[in-house]
Amino acid sequence: MMLLVILSFLSIFSFTNTHAHHCSNDFLSEAKNRSLINITFCKRYTESNGVEVAIHLHENTRKIDIMVGAKLKEEEETGWLAWGLNPGEEARMIGTQALIGIKTKNKGLLKDTYNITGYTKLGCQLLPSPIDLNISNFKFIHITELEYHVILATIILPNQYDLSRLNQVWQVGINIGAVETKELKMHGKGLMNYDSSETINLRTGKGRGNRIHKSSKIRKVHGILNIIGWGVVLPIGVIIARNFREFPLPWLGWKKCHISCQTIGYLVGTTGWAVGIWLGKASKYYSFPKHGTYGLLIFAFATIQMLFFKLKPGESDKYRMYRNMFHHVVGYSLMIGICINILKGIHIIHLDYTSWKPTYLGIVSCLAFIFLVFEIVSWFKFLCDKFGLWILCAKCIPNKESNEKKGSKKDGKAQSQVQPSETPIRADN
Ligand code: HEM
Ligand code: HEM
């Protein structure tokens with residue numbers, strides 16, 4: 001059963017993306033027209049804002065001609081495109097010697113060189129500065145046919161840059177708030193922006209990013225495990241416990257099924273969470289603190305909920321009531337937290353505009369709908385019992401009587417009716 005669910009999920013969320021592709025034909029022919037005739041390589045980074053890079057290496061002179069292009073968002077009045085080289089050990093933002101072009105509010109085009117330091121990452125102003133690259137023919141233009149903004153330049157690489165291990169970094173951003181200045185504002189905070197660096201072999205064009213794993217499939221496996229474990233199986237277990245115990249659909253097997261769902265959901269979800277922790281560690285230079293904190297809280301509270309299976313005070317114990325209240329409040333809060341974090345995850349990985357978001361929202365809506373229908377039925381019964389709306393629901397009379405019987409059995413006096421919200425706190429929990 002579980003395997004079936006996992007397989008159907010895997011088929012919906014198919015794995016398609018790879019990090020870099022050959023660049024588009026239009027960009028390639030444009031590059032060839034602009035003196036990069038014998039292009040060494042031309043790549044399109046689909047997963048990082050679709051930036052395209054073409055480089056022609058003149059090996060004898062250590063000279064490279066570069067053309068870097070991207071579609072700066074039409075709907076935004078401003079924007080910037082950056083490309084640079086990092087002389088350090090790894091392809092990362094700090095230390096990058098960058099060439100940056102800025103599209104200003106009144107469609108002006110500015111360009112300059114920038115030295116990106118640790119202070120930039122801390123949020124200090126990023127202003128133009130000289131860099132340690134010998135640059136000529138530096139241009140920032142708009143190519144109307146492609147609807148691309150493009151950086152063109154010729155660079156002579158100093159000896160500290162290894163031609164077979166060159167760290168290139170690129171980025172796009174919006175310059176909100178900056179008017180006709182060369183001060184740069186921060187880029188977005190999604191994977192599209194963080195996966196924008198590569199250590200490349202200029203002779204072959206082969207490269208790899210700065211994370212330990214190459215594959216974006218691991219991220220999707222992380223997402224799928226979390227969606228199935230926390231987002232589907234766990235809520236099904238909650239619905240079973242709430243509605244199949246006594247009313248509206250009494251079912252003897254509810255307890256076994258509830259425990260199985262919660263155990264499977266917890267194990268699958270925890271595996272997904274552990275993969276998330278590993279992914280967080282594998283990408284050294286960036287993190288997603290909010291998503292990570294939510295994840296930690298979900299794991300911690302779900303673990304506490306699981307321990308409650310064992311920690312059960314006696315029926316007459318007054319702590320049993322508090323334990324049950326805690327179990328329910330934490331349980332429902334977990335459901336909301338899980339929903340938020342799954343949507344956050346989908347946003348981080350930029351799958352908002354794919355089938356992922358609608359599929360997940362579809363699943364959540366179905367579960368919420370089922371939950372709501374059961375709640376309405378339970379509350380309807382409660383109101384019938386309490387206010388004697390027998391015309392609407394004649395079958396409630398015996399329930400009222402049985403409630404009274406239960407009450408008098410327990411403490412010798414007639415109790416009020418069983419409220420839907422009280423149902424889970426009953427002694428057979
Ligand atoms: C005002 C300008 C900028 C600010 C404030 C800024 C800030 C940041 C911050 C805070 C992070 C890391 C987030 C984290 O630790 O989770 C980051 C990551 C990154 N940024 Fe920037 N950035 C700026 C400009 C640039 C430019 C111009 C480039 C490209 C040349 C760039 C490329 C990157 C890359 C590739 C990452 C991923 C992590 C890494 O490689 O270090 N950034 N940026
Ligand atoms: C309740 C469900 C989820 C939990 C508990 C969870 C947990 C985590 C944790 C702990 C991290 C590490 C954060 C860091 O240190 O930076 C992480 C990263 C991540 N998660 Fe989730 N996650 C969940 C759902 C999702 C979903 C549904 C997706 C996408 C479909 C997703 C995509 C990602 C991505 C892309 C990363 C960053 C990986 C990287 O750094 O390379 N997550 N998650």
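Start by selecting ligand 2, which 27 residues surround. Closest to ligand 2 are Arg-219, His-222, Ser-283, Phe-288 and His-291. Keep in mind, as you look around, that this is a predicted model.

**Stop 1: polar contacts of ligand 2**

Show the side chains of Arg-219, Ser-283 and His-291 as sticks. In the side chain of Arg-219, an N or O atom is 3.1 Å from an oxygen atom of ligand 2. Turn next to Ser-283, where a side-chain N or O atom is 2.8 Å from an oxygen atom of ligand 2. At His-291, a polar side-chain atom lies 2.8 Å from a nitrogen atom of the ligand.

**Stop 2: ligand 1**

Now move to ligand 1 and its shell of 21 residues. The ones that come nearest are Arg-92, Met-93, Leu-184, His-187 and Ser-287. By class, the shell around ligand 1 holds twelve nonpolar, six polar and three charged residues.

Which strands and helix each supply at least two residues of this shell? Colour strand E5 (79-86), helix H3 (118-122) and strand E10 (166-173) to see them.

Zoom in on the polar atoms next. For Met-93, look at the backbone: an N or O atom there lies 3.0 Å from an oxygen atom of ligand 1. The backbone is also the place to look at Ser-287, with a polar atom 2.9 Å from an oxygen atom of ligand 1. For His-187, show the side chain, because it is a polar side-chain atom that lies 2.8 Å from a nitrogen atom of ligand 1.

**Stop 3: helices H6 and H7**

Hide the ligands and select helix H6 (residues 254-282) together with helix H7 (residues 289-307). A pair of packed helices is described by the angle between their axes and the distance between the axes. For H6 and H7, that angle is about 150° and the axes are 11 Å apart. H6 is therefore roughly antiparallel to H7, and the crossing of the two is left-handed.

To view the contact, show Gln-262, Thr-263, Tyr-266, Thr-270 and Trp-273 in H6. They meet Gly-295, Leu-296, Phe-299, Ala-302, Thr-303 and Met-306 in H7. The contact of H6 with H7 has six nonpolar and five polar residues, and no charged ones.

**Stop 4: helices H5 and H8**

Next, pick helix H5 (residues 217-243) and helix H8 (residues 318-348). Their axes are 10 Å apart, and the packing angle is about 155°. H5 therefore runs roughly antiparallel to H8. This crossing, too, is left-handed.

From H5, the residues to display are Asn-226, Ile-227, Trp-230, Gly-231, Leu-234, Pro-235, Val-238 and Arg-242. In H8, they meet Tyr-332, Met-335, Ile-338 and Ile-342. Nine of the residues in the contact of H5 with H8 are nonpolar, two are polar and one is charged.

**Stop 5: helices H5 and H9**

Keep H5 on screen and add helix H9 (residues 356-387). How are H5 and H9 oriented, roughly parallel or roughly antiparallel? The packing angle is about 10°, with the axes 10 Å apart, so H5 is roughly parallel to H9.

Among the H5 residues in this contact are Lys-220, Gly-223, Ile-224, Val-232, Ile-236, Ile-239 and Asn-243. The H9 side includes Trp-356, Tyr-360, Ile-363, Leu-367, Phe-371, Phe-374 and Glu-375. Sorted by class, the contact of H5 with H9 has 13 nonpolar, four polar and three charged residues.

Technical notes. Residues are numbered from 1 along each chain as its sequence is written. Chains are lettered from A and ligands numbered from 1 in the order in which they are written. This is a predicted model: local features need pLDDT of at least 70, side-chain atom pairs count only at pLDDT 80 or more; totals for chains, interfaces and linings use all residues. Side-chain values use heavy atoms; hydrogens and water are left out. Axes are lines fitted to C-alpha atoms, for helices over the stretch in contact, and angles run from 0 to 180 degrees between N-to-C directions. Helices (H or I, at least four residues) and strands (E, at least two) are DSSP runs, numbered from the N terminus. Angles under 35 degrees count as roughly parallel, over 145 as roughly antiparallel, 65 to 115 as roughly perpendicular and the rest as oblique. A crossing is left-handed if the near helix is turned anticlockwise from the far one by less than a right angle, and right-handed if clockwise. Contact means heavy atoms within 4.5 Å. Ala, Val, Leu, Ile, Met, Phe, Trp, Tyr, Cys and Pro count as nonpolar, Asp, Glu, Lys and Arg as charged, and the others, Gly among them, as polar. A residue is near a molecule or strand if one of its heavy atoms lies within 4 Å of it. A polar contact is a pair of N or O atoms within 3.5 Å; within protein, one must be able to donate a hydrogen and the other to accept it, and residues adjacent in sequence count only if both atoms are side-chain atoms.
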